Amino acid sequence: LWPGQVDGLSPEEVTLAEVLSAKGYHTAMWGKWHMGEEAEHAPENQGFDYAYYGLFNGAPDLWPDGYEMTAETPNSHRSQFLDFPGIEGYREATGIDSSVSAYVARKGQERKAIEGLAGTPGPKRQEVFEEESITQILKYVKEKAKDPKPFFIYWATYCQQLQGVSSHFNDPHVDHMNAQASMMAAHSSYVTRLLQTLKEEKIAENTLVVWMSDNGPMYAFYPNSGYSWLRGGKGQVLEGGVRTPSMAWWPGMIAANQEPVDLLHITDLYTTAARLGGALDVIPEDRVVDGVDQLPLLLLGEGHGRRQKIFFYSGEQLGALRHGDIKAHFQPGSSGGLPKMEAYNVRRDPGEKNGQFYPYLWTVTPIMNDVKAHKRMIQKFPHRGTEQPKSCAK
């Protein structure tokens, strides 16, 4: 979703914030919303009582920088983004206003553009926005710790979105060629402050904190990017694109220092949080809910996960299916009446270096049965929300 697009999160979807609000939770979010820029898509209209949010991913914040680098004087340094005509020039040429990056809003009230650096596209926006976000989050936690009603926070940090943090630039081991390294150091300090505040307010044992990355490295901007030992990156269904770090912290409830190998998908957090909030009965029954309840995995540890398979998409294209330790990558066409695919045991070969087909002929029928059932379910319950062309050439 880029500036000027009218697509976004369908109002028909029922968000976790809406589910928990129905059970009396305070709900708030900070960070990258990236679910559409129209008012109907906004978090304050999707269940959140309070929202301090950016509209887009990290790229549009650096578009103006590319223009300003060469607007008045020659510059031999290459910008991340080329030939952007500036905010005013872009508006004149396309009719798209990209001058506002972020808003603040409360449920039932009209949102307001965030003023100053935190709301204006530029190379310092995300640094200032993140610093303000953690300040507000800590204040919010301290206030709600005294409230008998529970609270839910969704913090979609701008960490790993191309920009860095000057105050952490010279932290130990920070790579000066990778702005994301200083942002990661800053984010680590913010999370430390958050966990410490939960302890100080004496609500740590009544608060579940889940930290999860959403995708693998975006090597298009290397070395200003993440890095993985696994093959692939963002947008690919290889393990390097889809296997991400995740942590769950709940003193007194989740045993420390575990590294379970069970499968967990980000959609599982929806159902798991709804169960913890006593809100499973609020989840609509007229649609498919992708997430499974993973509370047994959190509380009991390895071997108690409830997910057996994951379907991996790149855009609208189903690219792979993992069932247990076996992961099949699908390829166009067929060969000798058989589907074209490569199979890996990703427990043994997480780098996906030794894909084979014939040794895994026994998987063809069960995998195809899973795919057929999956597609029948999509036909019965069509996707909601954005409708975009599969490619600009079609």
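This is a guided tour of a predicted model, with a selection to make at each stop.

**Stop 1: the five-stranded sheet**

Select strands β1 to β5. They form an open sheet in the order β4-β3-β2-β1-β5, and the pairing is mixed. Strands β4 and β5 (151–156) are at the edges; each has a single partner strand, so one side of each is left without a neighbour in the sheet. Now add helix α4, residues 125–144, which packs on this sheet and touches β1, β2, β3 and β5. The direction of α4 makes about 170° with that of β5.

Go through the strand pairs one at a time. Strand β1, residues 26–32, pairs with β2 in the parallel sense over five bridges. Select Gly 31 to see one position of this pairing: its bridge partner in β2 is Tyr 53.

Next take β2 (residues 50–54) together with β3 (residues 102–106). These two run antiparallel and are joined by five bridges. Tyr 50 can serve as a marker, since Arg 106 in β3 stands opposite Tyr 50.

From β3, move on to β4, residues 112–113. Two bridges join this antiparallel pair, and Tyr 103 stands opposite Ala 113 in β4. The hairpin of β3 and β4 has five residues between the strands. Select Gly 108 in this hairpin, where phi is positive, near 85°.

**Stop 2: the four-stranded sheet**

Select β8 to β11. Here four strands make an open sheet with antiparallel pairing, in the order β8-β9-β10-β11. The edges are β8 (309–314) and β11 (338–345); each has a single partner strand, so one side of each lacks a neighbour in the sheet. On average, neighbouring strands of this sheet are turned by 25° against each other, direction ignored.

Keep β10 (residues 326–335) and β11 in view. Seven bridges join these antiparallel strands. Select His 329 and then Glu 342 in β11, its bridge partner. The two strands form a hairpin with two residues between them, and Gly 336 in the turn has a positive phi of about 60°.

**Stop 3: a salt-bridge network beside β10**

Stay on β10 and select Lys 327, along with Glu 352. The two form a salt bridge, with the closest N and O atoms 3.1 Å apart. Lys 327 is in strand β10 and Glu 352 is in the loop between β11 and α9 (364–380), so the pair ties together parts 25 residues apart in sequence. Are these two residues buried or exposed? Both Lys 327 and Glu 352 are buried. Add Glu 239 and Arg 243 to the selection: with Lys 327 and Glu 352, they are linked in a network of salt bridges.

Then select Leu 238, in the loop between β6 and α6. Leu 238 has a relative accessible area of 14% and is buried. Not counting residues up to four places away in sequence, Leu 238 touches Arg 231, Gly 232, Lys 327, His 329 and Glu 352. For a distance check, pick Lys 199: Leu 238 and Lys 199 are 39 residues apart in sequence and 39 Å apart in space, C-alpha to C-alpha.

**Stop 4: the loop between β6 and α6**

Two further residues to select in this loop are Ser 225 and Tyr 227. Ser 225 counts as buried, at 6% relative accessibility. Leaving aside neighbours within four places in sequence, Ser 225 is in contact with Asn 178, Gln 180, Met 218 and Tyr 219. Tyr 227 is exposed, with a relative accessible area of 57%. Which residues share a nonpolar surface patch with Tyr 227? Select Tyr 219, Tyr 222 and Trp 229: with Tyr 227 they form the patch, and together the four have about 610 Å² of accessible area.

**Stop 5: two more salt bridges**

The structure holds 18 salt bridges. Select Glu 13 and Arg 287, whose side chains meet in one of them (3.8 Å, N to O). This pair links distant parts of the chain, 274 residues apart: Glu 13 is in the segment before α1 (16–21), and Arg 287 is in the loop between α7 (268–276) and α8 (295–300). Glu 13 counts as partly exposed at 25% relative accessibility, whereas Arg 287, at 17%, counts as buried.

Finish with Arg 91 and Asp 97. They form a salt bridge in which the closest N and O atoms are 2.9 Å apart. Arg 91 is partly exposed at 26% relative accessibility, and Asp 97 is partly exposed at 41%.

Terms used. Residues numbered from 1 in each chain as written. Predicted model: local features only at pLDDT ≥ 70, side-chain atom pairs only at ≥ 80, totals over all residues. Heavy atoms only, no water. Pairing = 2+ DSSP bridges. Axes fitted to C-alpha atoms, helices over the stretch in contact; angles between N-to-C directions. Buried < 20%, exposed > 50% of the residue type's maximum accessible area, 1.4 Å probe, protein only. Contact = heavy atoms within 4.5 Å. Patch = residues over 30% accessible without salt bridge, like charges linked within 9 Å, V, L, I, M, F, W, Y side chains within 5 Å. Areas by Shrake-Rupley, 256 points an atom, 1.4 Å probe, with all protein chains shown as cover.
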